[in-house]
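Biologist: I would like to go through this model with you, one feature at a time. Please give the reasoning before each result.

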Amino acid sequence: MPTENSNRAHIRFDEVGKEYPDGTVAVAGLDLDVAQHELLTLVGPSGSGKSTLLRMVNRLVEPTSGRVLVDGDDVAGVDEVRLRRGMGYVIQHVGLFPHRTVAENVATVPRLLRWDRRRTRDRVAELLSLVHLDPELHGPRYPHELSGGQRQRVGVARALATHPAIMLMDEPFGAVDPEGRRSLQTEFRRIHDDLGTTVLLVTHDIDEAVLLGDRVAVFSQGGNLEQLATPATLLSRPANAFVEGFIGEARAIKLLAVTELDRRHVEPAEAGGGPGAADGNGNERPTVRLGSSLEACFSVLAGASAGEVTVLDDGGAAVGRLTPASLHAALRGAVTANGS
Ligand SMILES: Nc1ncnc2c1ncn2[C@@H]1O[C@H](COP(=O)(O)OP(=O)(O)OP(=O)(O)O)[C@@H](O)[C@H]1O
């Protein structure tokens, strides 16, 4: 089982099923592996069993068939309290304690684990900074003195307090307004990349699923797994009509956000077209880096008066240029990729 400091975990659903006492089948014979450090998003319409699946990992719900394994051990054999302390759990209405300050809320589990005062205080300050809250300013406040988005950040900080190996997140950004949600999503993705936690994140929002997930699992009613794939594969090769319908329109737009610019998309530079080269009006030509999303490239290109931008590698050296035609070719390539 994960211990406090092992921030790597592997989750396996082994023929897992859940039928509630009234006969509702929420999850049906599911086989699914979540790799260490993976951020797997679970997406599907209301009632497709996503929350049930998540709650089987921390034993808020027990499967009626099959097993859930964490690092090879069946969670059914693990003490529930110990199991839950090793996992962060974030839900839509974050459930902060209203009469405790932000700092006290974040310190909840460290206190249960009897960390000493100094270690707890340092960790709380570190976590609040990580989620872009000011420990001095926000730490002493009460939850009702924060915005909805800030409260959600506190929820994420609290769930991360003891370096959990696994984070279970059920619509974690659902209650946040669309603008705040996008910045929370971006920050959470960065936090995940830094911490290496294994994350299962439930959402009904396909945009959130493809933006955040290393892979996306799409479920239909009855808890059937319709497709499990990387975002680019899901968007370019939906497995069936259900997935295609769920992804909806504007597939190409979504693909822009999840496809990175690579060397194949870059046209050779013209003589004198390196970084700092001027366009026809004497302005410096904008640049993008290899590895940027095509969406980011698109916005830079849209603002480039010369109609093209210079592409730089990781070291900042110019490797060529991106034009509307080459961006279009990159997008077309992503749409028609064979999904392998
Ligand atoms: N305690 C319960 N008793 C009976 N049926 C339940 C219970 N909890 C959930 N269900 C049913 O199981 C199915 C799956 O529910 P679940 O909450 O897992 O779906 P979901 O995909 O997370 O939905 P949502 O996006 O609306 O939260 C639904 O039909 C739901 O009504």
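Modeller: The turns below cover the ligand shell, a helix, a helix pair and some backbone angles of a predicted model.

Biologist: Which helix gives the largest share of the shell around the ligand?

Modeller: The shell holds 13 residues, and Y20, A26, S46, S51 and T52 come nearest to the ligand. Three residues of the shell come from one helix, residues 50–57, and this is the largest share. That helix is α1.

Biologist: How many residues of the shell around the ligand are polar?

Modeller: By class, two residues of the shell are nonpolar and two are charged. The number of polar residues is nine.

Biologist: Is α1 mostly covered or mostly uncovered?

Modeller: The buried residues of α1 are K50, S51, T52, L53, L54, M56 and V57. The helix has eight residues, of which seven are buried. α1 is therefore mostly covered, since a residue counts as buried with 20 or more other C-beta atoms within 10 Å.

Biologist: What is the phi of R59, which follows α1?

Modeller: R59 comes after α1 and has a positive phi. The value is near 65°.

Biologist: How do α7 and α8 run, roughly parallel or roughly antiparallel?

Modeller: Helix α7 spans residues 148–160 and helix α8 spans residues 178–195; they pack at about 20°, with their axes 10 Å apart. Angles under 35 degrees count as roughly parallel. The angle therefore makes α7 and α8 roughly parallel.

Biologist: Which residues of α8 are met by α7, and what is the handedness of the crossing?

Modeller: From α7, the residues in the contact are G149, Q152, R153 and V156. By class, the contact has three nonpolar, three polar and one charged residues. On the α8 side the residues are G180, L184 and F188, and the crossing is right-handed.

Biologist: Is E15 buried or exposed?

Modeller: E15 lies in strand β1, residues 11–19, and has a positive phi of about 55° although it is not a glycine. Around E15 there are 12 other C-beta atoms within 10 Å. A residue with 12 or fewer counts as exposed, so E15 is exposed.

Biologist: Where is H37 found, and how many other C-beta atoms lie within 10 Å of H37?

Modeller: H37 is a residue other than glycine with a positive phi, near 70°. H37 is in the loop between β2 (25–34) and β3 (39–43). H37 is partly exposed, and the number of other C-beta atoms within 10 Å is 18.

How values were computed
Residues numbered from 1 in each chain as written. Predicted model: local features only at pLDDT ≥ 70, side-chain atom pairs only at ≥ 80, totals over all residues. Helix = DSSP H or I, 4+ residues; strand = E, 2+ residues; numbered from the N terminus. Near = placed C-beta within 6 Å. Nonpolar A, V, L, I, M, F, W, Y, C, P; charged D, E, K, R; others polar. Axes fitted to C-alpha atoms, helices over the stretch in contact; angles between N-to-C directions. Parallel < 35°, antiparallel > 145°, perpendicular 65-115°, else oblique. Left-handed = near helix turned anticlockwise from the far one by under 90°. Contact = placed C-beta atoms within 7 Å.
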